[in-house]
Number of protein chains: 2
Amino acid sequence: MSDTDPKATRTGRPRSIAADAAILEATRASLVDLGWSKLTMSDVATRAGVAKTTLYRRWAGKNELVVDAVAVLFDELELPDRGSLAADVQGVVLQFAALLERPEARTALMAVVAESTRDDSLRHRIRSAIVDRQKRLVLLGRERAQARGELRYEDDASDADRNADLIFDVIAGAVVHRTLVSAEPVDAEWASGFTSLLLLGLAGAQAG
Amino acid sequence: MSDTDPKATRTGRPRSIAADAAILEATRASLVDLGWSKLTMSDVATRAGVAKTTLYRRWAGKNELVVDAVAVLFDELELPDRGSLAADVQGVVLQFAALLERPEARTALMAVVAESTRDDSLRHRIRSAIVDRQKRLVLLGRERAQARGELRYEDDASDADRNADLIFDVIAGAVVHRTLVSAEPVDAEWASGFTSLLLLGLAGAQAG
DNA sequence: TTCCTTACGCTACGACCCGTAGCGTAACTG
DNA sequence: CAGTTACGCTACGGGTCGTAGCGTAAGGAA
């Protein structure tokens, strides 16, 4: 969450955890109302009923604040066992798409990624707060598919890692691109077509 | 380019086309040096040797200006016939990745997309200036693959359209996500793995 | 040429946000 | 109790925004 991580109980007045929650909630509300570019620290402070200085005591700036405010949304993603690899993929695609329908996620995600191209520490923050939390879904889905016999167990560990990263980029990238760049809906039909393509490949999907 | 499109020859002093070029060039230079968030209209005007008011006479704001400044970069993308669908896909992936290596493209692309989530006219501008220019590559690649017999000709026209859009989102999305979100390089090895996945599908790529 | 029209450069302006400093007060610890 | 840290508040210099106003430059039309 905040920048400093007070180890154990320190002396002095403790930070208000209620303020933390109020600030992050206010940040999301401001994202919905104003969007990324018009969101200001002053506005968030006012909404949260907190002094502006308090924000700067906990976050370096707008970028870090928004990452933390949005990160929690991505924890909602789950991967219930739907019985087959195809169903699991389609399920997670629709779930991710639903997340990107939320205006606070839409406007914030790409903006902080854009900022991170010139800010390494922000990039790491995004990775640990958002990206890595999604990647676990890929690993879980693969395990299940392997247990079902739909995918074989990979011999080489580094090959397996590279493959998981690849699949993650393909799934997340396609959904993000469809939603934010092409700006068209990810509905059940699209998810179905995408799943076929991912599982069967270009020629295979055409045949089936 | 600029907002107003003077139909035919009008009376009065004509707009300087040299200024147009200088402004767009200055915008790209400013993107390289300062990045999206720190780029200001004043800075661009100074670099271009132009008054700030001239910028506002031609573009509504930073968003529109940057879209136009970056759009030309995407015209460099080509799709030479490399003899097979796999080679064509791999080629365009590496080409697109090389484009995203350029700092002015990295920092601008995601930023304007983020802004476009709250600005319909900007979204249309991005679509016509950037997105649609890339989509032609997918259509061309499919035609060639069909002529080679690697893909069959689709019966239904709307099916074919949906499929092309899907493939476009998958390719562009994966490359963008790998480059900007995962922040890892798109090298020949990754492009090869991605191409296998796209052509053969999850199970097929594992086998091959 | 002389008018007319539009673009340009320049200056100045109010409005807003940034990020920080300083101060008195509040809360918790030993 | 004293010591330490967080908080709210105010104020500030510095910067950007987008626009208005002015005189001048560069074309077309009479």
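What follows is a chat about the contacts between chain A, chain B and DNA strand D in a predicted model.

Student: Hi! Let's start with the two protein chains. How many residues does each one bring to the contact?

Tutor: Chain A brings 53 residues, and chain B brings 53 residues.

Student: And how much area do chain A and chain B bury between them?

Tutor: About 4500 Å², with 59% of it on carbon and sulfur atoms. On the chain A side, the residues that lose the most area to chain B are Arg118(A), Leu202(A) and Gln206(A), which together make up 16% of what that side buries.

Student: What's the salt bridge count between the chains?

Tutor: The count is 4. In one salt bridge, the side chain of Arg127(A) meets that of Glu184(B), at 3.8 Å from N to O.

Student: Okay, and how many residue pairs are in polar contact across that interface?

Tutor: There are 16 such pairs, counting those with both residues at pLDDT 80 or more.

Student: Which helices of chain A supply at least two residues each to the side that touches chain B?

Tutor: Those are α1 (17–38), α6 (103–116), α7 (120–148), α8 (157–181) and α9 (188–207). The largest share comes from α8(A), with 13 residues.

Student: How does that side of chain A divide by residue class?

Tutor: The side of chain A that touches chain B has 28 nonpolar, 11 polar and 14 charged residues.

Student: Nice. Switching to the DNA: which residues come nearest to DNA strand D?

Tutor: Out of 23 residues around the strand, the nearest are Gly12(A), Arg13(A), Thr54(A), Arg58(A) and Tyr56(B). On the DNA side, sugar and phosphate make up 58% of the strand D atoms that come within 4 Å of the protein.

Student: You mentioned Tyr56(B). What does its side chain lie 2.7 Å from?

Tutor: An N or O atom in the Tyr56(B) side chain is 2.7 Å from a phosphate oxygen of DNA strand D.

Student: Which backbone atoms of chain A lie by phosphate oxygens of that strand?

Tutor: Ser16(A) has a polar backbone atom 3.2 Å from a phosphate oxygen of strand D. For Ala51(A), a backbone N or O atom lies 3.3 Å from a phosphate oxygen of the strand.

Student: And which helix gives the most to the surface near DNA strand D?

Tutor: That is α3(A), with 4 residues. Helices that each supply at least two residues there are α3 (52–58) of chain A, plus α2 (41–48) and α3 (52–58) of chain B.

Student: Last one: what classes of residue make up that surface?

Tutor: The surface near DNA strand D has 10 polar, 7 charged and 6 nonpolar residues.

Key. Residues are numbered from 1 along each chain as its sequence is written. Chains are lettered from A and ligands numbered from 1 in the order in which they are written. This is a predicted model: local features need pLDDT of at least 70, side-chain atom pairs count only at pLDDT 80 or more; totals for chains, interfaces and linings use all residues. Side-chain values use heavy atoms; hydrogens and water are left out. Contact means heavy atoms within 4.5 Å. Buried area is the accessible area (1.4 Å probe) that two parts lose on being put together, summed over both. A polar contact is a pair of N or O atoms within 3.5 Å; within protein, one must be able to donate a hydrogen and the other to accept it, and residues adjacent in sequence count only if both atoms are side-chain atoms. Ala, Val, Leu, Ile, Met, Phe, Trp, Tyr, Cys and Pro count as nonpolar, Asp, Glu, Lys and Arg as charged, and the others, Gly among them, as polar. A residue is near a molecule or strand if one of its heavy atoms lies within 4 Å of it.
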